[in-house]
Amino acid sequence: MTTIPFDGFDLTDFWEDSEYARKDYISDPPDDALIQALEHELGYRLPASYLWLMKRQNGGIPRNLNFPTDVATSWAEDHIAITGIMGIGREKANSLGGSFGSRFWTEEWEYPDIGIAICDCPSAGHDMVFLDYRQCGAQGEPAVVHVDQEDDYRITPLAENFESFIRGLVHDDVYDTSAEDKQADLDMAQHGSFSATLADLCARTDAPADIEKAIREIARQIIEEKGFFALHADECSLLLYDIQFWLYASAHPDVTAGKYLEDYPNIIASGFGNDFCTGGYATGFVEDWLKARIAQGDIEVNNATLSVSENARRALANKIADFCR
C-alpha cells in the first residue's frame, strides 16, 4: 500500500507569503531532470515527502517556524527556530543548489557532511537544520537534525523524517519572547561595550567625534524595525556595513579584501555577554556587500588595496551627521 505524504495535514495556510520569500526562497516547481541533477550533485536521494511538498511550493517561509527540543541549544532552552525551507533549484540564494545552499554550508562553514542542509536559521549561519543520512545511507529515508555551529557542530535529533519535522513545526506564539528579546537588544545598543577592535577603530579614525553615537542610533533603528539586532540588506544595515569598512580602511590604509573579511567578525559580528554585537553573521552577505560597493565605485581598488571613494566618503559623512543630530 502506497503511503500518501502529509495525508490529513492541512497545508492551506502552511506558507507565509512575502517579497523576501519570493526573492530568496521560492522557485518554480522542479521537474524530474532538475531533481535528478541536484540529487547527483549533492550525493543523496531526496525524501519523497520533501519532493511532494516542493512540487506544490518549491521552497519558502512557513508560518510555523519553531520545533520543540528536549535539550537546550544555542537558540533556546526548549526549541530551535528556522528562517525558511530550501527549495529544489539553483537560481534562488536559499535553495539546495543556490549561493547559500547545502554545499555552501559544508564547504565554506565546515558543517559536518552528514547529508543535506534543508533549513537555515535566524542566527545567520551559526546553526542549521539538516537531513541526516548517517543511519539510512545515501538512498534511504533521512532523519532531521539540528546542527549547532556555536557548540562545536553538536547534532541534536529533531524528527525521524522530513514529514514528521514539518508536522511538528509550531508558531512563534508558543515561544514568544520577542518583547523581552527586543528590549535586551535595545539595552545592548544603548549601553553595550564596543568590541576592542571597534573601540580602537573609532579612536583612530578621522570620522566624526560622535561616531559612537551614530553607530548606536543606527543599531537602535534596526532593532526597532526588526525586533532584534542583525544586519541584512535593509538601508540601516547597509549603512553599518559602510561605516565598519570606512573605520577599518581609515585605520588600515593597506587593507585588502581578504584582510578585511578576515577581521570583519571582530568589529560588530561577535561578542559575549552584553557586548555590542549582532552575535553572528553569514560570510556570503558581507562578501556580496563588498563586491557590490566595488562594482558601484564606492570602494576603489588600487593594486588590491581598497579605499572609500571621495564621493562615497562625503555621502557617508552626511548620513552619519543625520544620525548624530
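1. A definition to start with: helix axes at angles over 145 degrees count as roughly antiparallel. Please keep in mind that this is a predicted model.

2. Now to the helices. Helix α6 (residues 178-191) packs with helix α8 (residues 211-226) at an angle of about 170 degrees, their axes lying 8 Å apart. The two helices are therefore roughly antiparallel to each other.

3. If you would like to find this contact in the viewer, look on α6 for Lys182, Asp185, Leu186, Met188, Ala189, Gln190 and His191. Their counterparts on α8 are Arg216, Ala219, Arg220, Ile223 and Glu224. Sorted by class, the contact of α6 with α8 holds five nonpolar, two polar and five charged residues.

4. Strand β7 (residues 127-132) is worth a visit too. Six of its six residues are buried, so β7 is largely enclosed by the rest of the structure. In a regular strand, side chains alternate between the two faces of the sheet. Here Asp127, Val129 and Leu131 point one way from β7, while Met128, Phe130 and Asp132 point the other way.

5. What are the pairing partners of β7? Strand β6 (residues 115-120) runs antiparallel to β7 and is joined to it by five bridges; Ile116 has Leu131 of β7 as its bridge partner. Strand β8 (residues 143-148) is also antiparallel to β7, with six bridges between them, and Met128 has Val147 of β8 as its bridge partner.

6. One last spot to check is the hairpin of β6 and β7, where six residues lie between the strands and Ala124 takes a positive phi near 60 degrees.

Definitions and conventions: Residues are numbered from 1 along each chain as its sequence is written. This is a predicted model: local features need pLDDT of at least 70, side-chain atom pairs count only at pLDDT 80 or more; totals for chains, interfaces and linings use all residues. Side-chain values use heavy atoms; hydrogens and water are left out. Buried means under 20% relative accessible area, exposed over 50%, partly exposed in between (1.4 Å probe, protein chains only). Helices (H or I, at least four residues) and strands (E, at least two) are DSSP runs, numbered from the N terminus. Two strands pair if DSSP finds at least two bridges between them. Axes are lines fitted to C-alpha atoms, for helices over the stretch in contact, and angles run from 0 to 180 degrees between N-to-C directions. Angles under 35 degrees count as roughly parallel, over 145 as roughly antiparallel, 65 to 115 as roughly perpendicular and the rest as oblique. Contact means heavy atoms within 4.5 Å. Ala, Val, Leu, Ile, Met, Phe, Trp, Tyr, Cys and Pro count as nonpolar, Asp, Glu, Lys and Arg as charged, and the others, Gly among them, as polar.
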